[in-house]
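Subject: Structure for your records, with notes

Hello,

Here is the structure we spoke about. Please look it over alongside the notes below.

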Amino acid sequence: MSKNKVNIKIGADVKEAKDGINKITEQLNKMSKQTKASSIAKASEAFNNYTKSLGYVTKAIKTVNAELQKNAEAYKTQATAEKQLETAAKNNPYLNSQSVAQLKNYASELQSISTMGDEQLLPFMAQLAAAGRTQTEIQEIMSAALDVSASGTMSFESAVKNLNKTFSGLSGELGESV
């Protein structure tokens, strides 16, 4: 009989052990799934944050690139306008390199008190220089043209052309334009 009692106890102990092992296995599997799920969620969240960061960096790079292109275009426009004035001055006996430098400075001064940039003013100065105007005449015409265009009477371009005609003594032609 003692053999049976020992066997039963062993069988009972094995069954309890199996049940205990099964419970532990279930809990470990449950914890593993939770850990995997939270790890996947954490990895997914980290990946999403990384993707957002890359998006921000890409957007910043595009913005900087656009600004650099805009500045390069403005520089090219400015350089072209200055070159026009320098070229026109070479063919004008009343202007020299010092006059050109002073006209560029004057354009910058006009820019600070008007709505026009010096890159817009310099080509008109070049036209006046090509027409044989002196530095003083160019400055007077530009200042008066800004005043006239600010009043809304006519566009800046028309004001420059018409004021240039008055310096030529073409009042009849000016009357036709007006």
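The notes below go from the whole chain to the helices and then to single residues.

Overall

The model is predicted. The protein chain has six helices and zero strands, so the order of elements from the N terminus is simply α-α-α-α-α-α. Of the 178 residues in the protein chain, 21% are buried. Taking contacts between residues at least 6 apart in sequence, 52% join residues at least 24 apart.

Helices α3 and α5

Helix α3 covers residues 118–130. The 13 residues of α3 reach 18 Å from the first C-alpha to the last, close to the 18 Å expected at 1.5 Å a residue. Buried residues in α3 are Asp118, Leu121, Leu122, Phe124, Met125, Ala126, Leu128 and Ala129. Just after α3, glycine 132 has a positive phi of about 90 degrees.

Helix α5, residues 156–167, has 12 residues and a reach of 17 Å between its first and last C-alpha, close to the 16 Å expected at 1.5 Å a residue. In α5 the buried residues are Phe156, Ala159, Val160, Asn162 and Asn164.

Packing around α4

Helix α4 is described here through its contacts with α2, α3 and α5. Two packed helices are described by the angle between their axes and the distance between the axes.

α3 with α4: the axes of α3 and α4 (residues 135–151) come within 10 Å and cross at roughly 135 degrees. That angle makes α3 oblique to α4. The crossing of α3 past α4 is right-handed. On the α3 side the contact uses Leu121, Phe124, Met125, Leu128 and Ala129, and on the α4 side Ile138, Ile141, Met142 and Leu146. By class, these are nine nonpolar residues, with no polar and no charged ones. The five α3 residues in this contact, Leu121, Phe124, Met125, Leu128 and Ala129, also appear among the buried residues of α3.

α4 with α5: the axes are 8 Å apart, at an angle of about 135 degrees. The two helices are therefore oblique to each other, and their crossing is right-handed. From α4, the residues in contact are Glu137, Glu140, Ile141, Met142, Ala144, Ala145, Leu146, Val148 and Ser149; from α5, they are Phe156, Ala159, Val160, Leu163, Asn164 and Phe167. This contact divides into 11 nonpolar, two polar and two charged residues.

α2 with α4: helix α2 (residues 97–113) packs on α4 at about 15 degrees, with the axes 10 Å apart. That makes α2 roughly parallel to α4, because an angle under 35 degrees counts as roughly parallel. The crossing is right-handed here too. Ser99, Gln102, Leu103, Tyr106 and Leu110 of α2 meet Gln135, Ile138, Gln139, Met142, Ser143 and Leu146 of α4. The classes in this contact are six nonpolar, five polar and no charged residues.

Met142 and Leu146 of α4 are listed in the contact with α3, in the contact with α5 and in the contact with α2.

Isoleucine 138

Is isoleucine 138 buried or exposed? Isoleucine 138, which lies in helix α4, is buried, with a relative accessible area of 0%. Apart from neighbours within four places in sequence, isoleucine 138 is in contact with Leu95, Leu103, Met125, Leu128, Ala129 and Arg133. Of these, Met125, Leu128 and Ala129 belong to the α3 side of the α3 and α4 contact, and Leu103 belongs to the α2 side of the α2 and α4 contact. Isoleucine 138 and tyrosine 106 are 32 residues apart in sequence, and their C-alpha atoms are 10.0 Å apart in space.

Proline 93

Where is proline 93? Proline 93 sits in the loop between α1 (2–90) and α2. Proline 93 is exposed, its relative accessible area being 74%. Glycine 132 is 39 residues from proline 93 in sequence, while the two C-alpha atoms are 7.7 Å apart in space. This glycine 132 is the residue with the positive phi just after α3.

Regards

Terms used: Residues numbered from 1 in each chain as written. Predicted model: local features only at pLDDT ≥ 70, side-chain atom pairs only at ≥ 80, totals over all residues. Heavy atoms only, no water. Axes fitted to C-alpha atoms, helices over the stretch in contact; angles between N-to-C directions. Helix = DSSP H or I, 4+ residues; strand = E, 2+ residues; numbered from the N terminus. Parallel < 35°, antiparallel > 145°, perpendicular 65-115°, else oblique. Left-handed = near helix turned anticlockwise from the far one by under 90°. Contact = heavy atoms within 4.5 Å. Nonpolar A, V, L, I, M, F, W, Y, C, P; charged D, E, K, R; others polar. Expected span 1.5 Å × (residues − 1). Buried < 20%, exposed > 50% of the residue type's maximum accessible area, 1.4 Å probe, protein only.
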